[in-house]
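Visitor: Hi, can you walk me through this protein model? I'm new to this, so keep it plain.

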Amino acid sequence: MAIESIDILNIMVFRRQWRKNNGDCKQGEIKEGDKLSDGFHLDFCNGINVLIGENGTGKTTILKMIYAAAQWSNEKTDPGKTKKLTDFFSHNLKDTGKLKTADKKEDYCYYKVSYGKHIFADSLSHKAIFNYDDWLGLNIQSVFIPSAEMLSHSKGFLAMNQKYSMPFDGTQVDIIVNASLPETREITESCKTVLNEISNVIDGTVIQEDDVFYVIKNDGRKIDFSLEAEGFRKLGLLWKLIRNGLLEQGTVLLWDEPEANLNPELYPLVANILLELQKNGVQIFIATHSYNFAKYLEIRRFKKEQVMFHNLYKGNSDIRDSISSVFPKENNRKDEVYSISAYKMEDLGPNHIMMADHQLLDEVYNM
């Protein structure tokens, strides 16, 4: 099974709105199957789901909601310790009302995540989890890689976090926990290949001693993780997660801005790694601002259905005009987030990362 869809209503940037269901539709087209929705809705593929869009369209929010739902699926000895959605935004954020859309705080607010025939629903209005008995025990294994690099801060971090209120969110804490787990005894041949590719780039392997991560270089030197280039740290973290057996069949990987601090020359390597993980049964969600990185996933995939692109964008006048006959303009706000999904980047409109790329080319040609 895999994460199949998410529905969000009146949380942060997501309100009631129109949605387009056809993954192949172009900007401004209305086709059979398009319909009004009570809230924001996205359908996902079983492979790699690439979320693109301008800042403030909720890409990271979607990743964190999926991660929170996956965490709730795991058996807990003390369910009261399970992290709430607020914990994944800020450890100090206790009031779920802060996550509600500013002008919709009195309306119904929820998000729902589907996994096969199972549906997880977290209502911020009722402060309750619905379908919990059905969801608990699915044990959806998930890993969230935040955009901020964390392993260089690992010394004493977990102990301090238990004792004090640290200014880090749950995803940042969890990634240190996951990287600190023991290495597995057995690694699949495909994972060994990926580990070797990463080792060749970072010129070594990653270990942890006394809460500190190091890169053991191929010539024997032991380099403190914080002294490595940040792009290499990102790859080193990926090496450690794979070596710890956390990215195996059935796992959900959520990665926020994998291209951040990464030399563009390494985009093909990371794209190939993600495609190999997906081939081995890992469902992947990434949020990116890089057209080049996203395009590498498209051109290097083995088949079309392996990678699906989801473009999030705020109200666009062309699309508003095209749907005015079935959806009143006064309800179609410029600050609302809309989505369109497709298997090809060129079928996503309005695609802001492509627009920025084309603008740069125009300026180069006009020099």
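Guide: We'll go through the overall make-up, then the sheets, a few single residues and a cavity.
Guide: This is a predicted model, where local features need pLDDT of at least 70, side-chain atom pairs count only at pLDDT 80 or more, and totals for chains, interfaces and linings use all residues. Residues are numbered from 1 along each chain as its sequence is written, and side-chain values use heavy atoms, with hydrogens and water left out.

Visitor: How many helices and strands does the chain have?
Guide: The chain has 10 helices and 16 strands. These are DSSP runs numbered from the N terminus: helices are H or I with at least four residues, strands are E with at least two.

Visitor: And what percentage of the residues is buried?
Guide: Buried residues make up 53% of the 367 in the chain. Buried means under 20% relative accessible area, exposed means over 50%, and partly exposed is in between (1.4 Å probe, protein chains only).

Visitor: What about contacts between residues 24 or more positions apart?
Guide: They account for 70% of the chain's contacts with a separation of 6 or more. Contact means heavy atoms within 4.5 Å.

Visitor: On to sheets. What is the strand order in the sheet of six?
Guide: The order is 9-13-14-5-15-16, in an open sheet with mixed pairing. Strand 9 (142–145) and strand 16 are the edges, each pairing on one side only. Two strands pair if DSSP finds at least two bridges between them.

Visitor: How much are neighbouring strands turned there?
Guide: By 15 degrees on average, direction ignored. Axes are lines fitted to C-alpha atoms, for helices over the stretch in contact, and angles run from 0 to 180 degrees between N-to-C directions.

Visitor: Which way do strands 5 and 15 run, parallel or antiparallel?
Guide: Strand 5 (residues 48–53) and strand 15 run parallel, joined by six bridges. Strand 15 (residues 307–314) also has six bridges to strand 16, and that pair is antiparallel. Leu312 links into both stories: Leu312 is the bridge partner of Gly53, and Leu312 stands opposite Ser339 in strand 16.

Visitor: Why is strand 16 called largely enclosed?
Guide: Because six of the six residues of strand 16 (residues 337–342) are buried. In a regular strand, side chains alternate between the two faces of the sheet. Here Val337, Ser339 and Ser341 are buried on one side, and Tyr338, Ile340 and Ala342 are buried on the other.

Visitor: Which helices lie across strand 9?
Guide: Helix 1 (residues 59–72) lies across strand 9, and also across strands 5, 13, 14 and 15. Helix 1 runs at about 150 degrees to strand 9. Helix 6 lies across strand 9 and strand 13, at about 170 degrees to strand 9.

Visitor: OK, what's the order in the sheet of three strands?
Guide: The order is 10-11-12, an open sheet with antiparallel pairing. Strand 10 (204–209) and strand 12 (222–224) are its edges. Neighbouring strands are turned by 35 degrees on average, direction ignored. Three bridges join strand 11 (residues 212–217) to strand 12, where Val215 stands opposite Ile223.

Visitor: What lies across strand 10 and strand 11?
Guide: Helix 5 (residues 189–202) does, at about 90 degrees to strand 10. Ser199 is found in helix 5. At 11% relative accessibility, Ser199 counts as buried. Leaving aside neighbours within four places in sequence, Ser199 is in contact with Gly204, Thr205, Asn218 and Trp239.

Visitor: New topic. Where is Lys127?
Guide: Lys127 lies in the loop between strand 7 (118–123) and strand 8 (128–130). Lys127 is exposed, at 67% relative accessibility. Phi of Lys127 is positive, near 50 degrees. Most residues other than glycine have a negative phi. Asn139 also has a positive phi, of about 50 degrees.

Visitor: Last one: how many cavities of 30 Å³ or more are there?
Guide: The search finds one, with a volume of about 90 Å³. On a 1 Å grid over the protein atoms alone, a cavity is a set of points where a 1.4 Å probe fits but cannot get out, and lining residues have an atom within 4 Å of a point. Grid points are joined across faces, edges and corners, and a volume is the space filled by probe spheres set on the points.

Visitor: Which helix gives the largest share of the lining?
Guide: Helix 6 (residues 230–243), with three residues. Among the lining residues are Ile145, Ile175, Arg233 and Leu237.

Definitions and conventions: On a 1 Å grid over the protein atoms alone, a cavity is a set of points where a 1.4 Å probe fits but cannot get out, and a pocket is an open set with protein on both sides within 12 Å along at least five of seven lines; lining residues have an atom within 4 Å of a point.
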